[in-house]
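Let's take a walk through this fold, one piece at a time. Keep the viewer open and follow along.

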Amino acid sequence: MQKTFIQCVTAIILAALSYSSKAAPQFLDFPVSGYIAFSPSFITSVLDHDVPHDLDQAMFPFQMYSTVGPFGYSGAVLSFTGELFVANAQHPTQNLGCYMKPANAYQTSVWSVALRNVYTGTSGCTSQIALNYDNHPGYDYAIPANTPVYPAASGTIIFAKCIRTFSSNQSTPCESYGAIAIDHGNGFVTQYLHMKNVYYGLAANGQNQPINGGYVTNIGNVWNTSPVTVGVHLHFEVLQRKAIPVNP
């Protein structure tokens, strides 16, 4: 009887493990060696799930701003834990702003343990008090300057550029805001911003350049020269392409 029970439990565990591995395969590494995506006090901003991306536009946006609801500056940011933060009179709706977590029918104003563990305050939005920011489709990770950045997985570089975002002075090194986008060929695209250097694909804006995953190919180095006090960080996005209807 005991043996049968153990066999049943073992079978259930093996079946669960088999299902979970098939249901949610992991193909991405974190793009910086020695870190994981949810290291303690690591995230300086929380992903706004309510921002549209059009990955097939010629301009290929790294951030597509919108003021039209429900997208863009909606006055609300939803964290990966499902906790909702909204603007109020003290913290009005804006792109770079601190949003409070109010109590409602579904949650209290107290942050979850998970969010308290990974979030660190920045730009006046301090831990346990507020979160930044709206219309920001990615995570910012507080990683030391000059740290090498690697592809999260193998794929094809579809965009690579040095962007003079924070200065109109053409003598400013374009490496002040390096950005790369990689299509992984399975419906997902990853984007990497705020890099001091961009080592691949600049001659043709990175179009159709194969690149291998793993911590081998250095695509840039963590940096940031933003005039706002968000500090040195890596902006990392994982985007999923939507199927486009085709006329048969």
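Two strands count as paired here if DSSP finds at least two bridges between them. With that in hand, look at β7 (residues 178-183) and β8: five bridges join them, and the two strands run antiparallel. One of the contacts to look for is Gly178, whose bridge partner in β8 is Met195. The two strands form a hairpin with four residues between them, and in that hairpin Gly185 takes a positive phi near 75 degrees. Bear in mind as you go that this is a predicted model.

Now zoom out for a moment. The chain has two helices and 11 strands, and along the sequence they come in the order α-β-β-β-α-β-β-β-β-β-β-β-β. Of the chain's 248 residues, 39% count as buried. About 13200 Å² of the chain is exposed, with carbon and sulfur atoms supplying 59% of that area. As for contacts, take the ones between residues at least 6 apart in sequence: 67% of them join residues at least 24 apart.

Back to β8, which covers residues 188-198. Besides β7, which partners does this strand have? One is β11, paired with β8 in the antiparallel sense over six bridges. Here you can find Gln191 with its bridge partner Glu237 in β11. Another is β10 (residues 220-222), joined to β8 by two bridges, again antiparallel. At that junction Val198 stands opposite Gly220 in β10. As for cover, β8 is mostly shielded, with eight of its 11 residues buried.

Next, follow β11 itself, residues 234-240. This strand is mostly covered as well: five of its seven residues are buried. Apart from β8, β11 also pairs with β4 (residues 139-141), with three bridges between the antiparallel strands. In this pairing Tyr139 stands opposite Phe236 of β11.

A good residue to click on is Leu234, found in β11. Is Leu234 buried or exposed? The cut-off for buried is under 20% relative accessible area, and Leu234 counts as buried because its relative accessibility is 0%. Its contacts show what surrounds it. Leaving out residues up to four places away in sequence, Leu234 touches a list of residues that includes Pro31, Val32, Tyr141, Ile143, Val149, Leu193 and Val222. For a backbone view, try His194: its C-alpha atom is separated from that of Leu234 by 5.8 Å, though the two residues are 40 apart along the chain.

Then there are the rings. Searching the whole structure turns up 13 aromatic pairs. One to pick out is Tyr192 with Phe236, a tilted pair with 5.4 Å centre to centre and 40 degrees between the planes. This pair links distant parts of the chain, since Tyr192 sits in β8 and Phe236 in β11, 44 residues apart. Both rings belong to buried residues: Tyr192 has a relative accessible area of 0%, and Phe236 comes in at 8%. Ring pairs also link these two into a cluster with Phe30, Tyr35, Phe38, Phe42, Phe80, Tyr139 and Tyr141. You met Tyr139 above, opposite Phe236 in the pairing of β4 with β11.

Finally, head over to the disulfide. The structure holds one, formed by Cys98 and Cys125 with their sulfur atoms 2.1 Å apart. The link is left-handed, at -90 degrees about the S-S bond. What does the pair tie together? Cys98 lies in the loop between β3 (84-86) and α2, while Cys125 lies in the loop between α2 and β4, so the link connects parts that are 27 residues apart in sequence. Both Cys98 and Cys125 are buried.

Contrast that with Gly124, which is placed in the loop between α2 (113-118) and β4. Gly124 is exposed because its relative accessible area is 64%, and the cut-off for that label is over 50%. Its C-alpha atom is separated by 8.5 Å from that of Gly97, with the two positions 27 residues apart along the chain as the separation in sequence.

How values were computed
Residues numbered from 1 in each chain as written. Predicted model: local features only at pLDDT ≥ 70, side-chain atom pairs only at ≥ 80, totals over all residues. Heavy atoms only, no water. Buried < 20%, exposed > 50% of the residue type's maximum accessible area, 1.4 Å probe, protein only. Contact = heavy atoms within 4.5 Å. Phe/Tyr/Trp six-rings, centres within 6.5 Å; stacked < 30°, edge-to-face > 60°. Areas by Shrake-Rupley, 256 points an atom, 1.4 Å probe, with all protein chains shown as cover. Disulfide = S-S within 2.5 Å.
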